[in-house]
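Biologist: Could you walk me through a couple of pieces of this fold, slowly, as I am new to this?

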Amino acid sequence: MRTIKLLIAYDGTDFCGWQRQDMPLAGGIQPGQRTVQAVVESALERMHHHPVAVIGAGRTDSGVHAAGQAASFQTGIESINPERFVPALNGLLPQDVRILEAKEVCADFHARFDARLRTYRYFCICGRHALPHESRYAIQLWRYPNIELLNSYCRNVLGERDCSLFAAAERGAPSADGGASGYSGKSRSRYISRASFFVEKDRLVFEISANAFLWKMVRSIAGTFLHYEERNTPPGQLCDIIASGDRSLAGPTFPPHGLFLWKVDYFRE
């Protein structure tokens, strides 16, 4: 059996997240609802004439997009070069999912467990009306935030941190803005290697990289930082709020449509 690694992009608008649902989850997600994993597995099954399991690096939630989702599967087909999976799968997939790259990797490669860093980007359109096609992929801010203050907040979350302030309420199964769900009884410590706000053309972008994320954590950090920035909260005060781990002090959790799984880095492939 050969192991193939895929680089996948998708518009999450019409999906109930990445993960195939075999049982009901919190939030009303039921078995059989449309998910990215199920769509890709269906295309692979048509190629192989038998079920093929696909493992994703990050289990993005309903409405979250991806520009660089990574996934792996095993195939017994020997007659096709790995890169030929790109046009073959794209010919079977709907237009809101595209395979960008396919390559053969080591036999025991695991798209989730071998991931070193997951990077997400959250997009905001500032100070103007979002164009109709943009409103699916960014949220609307009617002001221009203080980026210097936002980046001073970012420095407060770098390194190994207890991220309880940003952990969503417990749910029935793991999901991700990249890793595990928000839950009680397990560690909420995460290692955040990079976090910053920057302007790209007329959009405000929040980028963050970590080994894994709690459920809705990226959206909670973005919402919390912009909430306190609007109130001109000093960085030291926000540092104390983060250290408290009191979820009631967090700002709003931003909606999913502004969030993209941007890329996944690996220890080995």
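Modeller: We will take one helix and then one strand, keeping in mind that this is a predicted model.

Biologist: Okay, how many residues does helix 1 have, and how far does it reach?

Modeller: Helix 1 covers residues 36–48, which makes 13 residues, and from its first C-alpha to its last it reaches 18 Å, close to the 18 Å expected at 1.5 Å a residue.

Biologist: Which residues of helix 1 are buried?

Modeller: Among them are Val36, Val39, Val40, Ala43, Leu44 and Met47, and the list also includes Gln37, Glu41 and His48.

Biologist: And what do those buried residues pack against?

Modeller: The buried residues of helix 1 pack against strand 1 (2–10), strand 3 (65–75), helix 2 (85–90) and strand 4 (97–105).

Biologist: What happens at the ends of helix 1?

Modeller: At the N-terminal end, threonine 35 acts as a cap, with a side-chain oxygen 3.3 Å from the backbone nitrogen of alanine 38, while just after the helix histidine 49 has a positive phi of about 65°.

Biologist: Switching topic, is strand 9 mostly covered or uncovered?

Modeller: Strand 9, residues 203–210, is mostly covered, since 7 of its 8 residues are buried.

Biologist: Which strands pair with strand 9?

Modeller: Strand 5 (residues 115–126) pairs with strand 9 in the antiparallel sense over 8 bridges, and strand 8 (residues 189–200) is also antiparallel to strand 9, joined by 8 bridges.

Biologist: Which residue of strand 9 is the bridge partner of phenylalanine 123, and which stands opposite alanine 195?

Modeller: The partner of phenylalanine 123 is valine 205, whereas alanine 195 stands opposite isoleucine 208.

Biologist: What sits between strand 8 and strand 9?

Modeller: Their hairpin has 2 residues between the strands, and lysine 201 in this hairpin takes a positive phi near 60°.

Key
Residues are numbered from 1 along each chain as its sequence is written. This is a predicted model: local features need pLDDT of at least 70, side-chain atom pairs count only at pLDDT 80 or more; totals for chains, interfaces and linings use all residues. Side-chain values use heavy atoms; hydrogens and water are left out. Helices (H or I, at least four residues) and strands (E, at least two) are DSSP runs, numbered from the N terminus. The expected span of a helix is 1.5 Å times one less than its number of residues. Buried means under 20% relative accessible area, exposed over 50%, partly exposed in between (1.4 Å probe, protein chains only). Contact means heavy atoms within 4.5 Å. A polar contact is a pair of N or O atoms within 3.5 Å; within protein, one must be able to donate a hydrogen and the other to accept it, and residues adjacent in sequence count only if both atoms are side-chain atoms. Two strands pair if DSSP finds at least two bridges between them.
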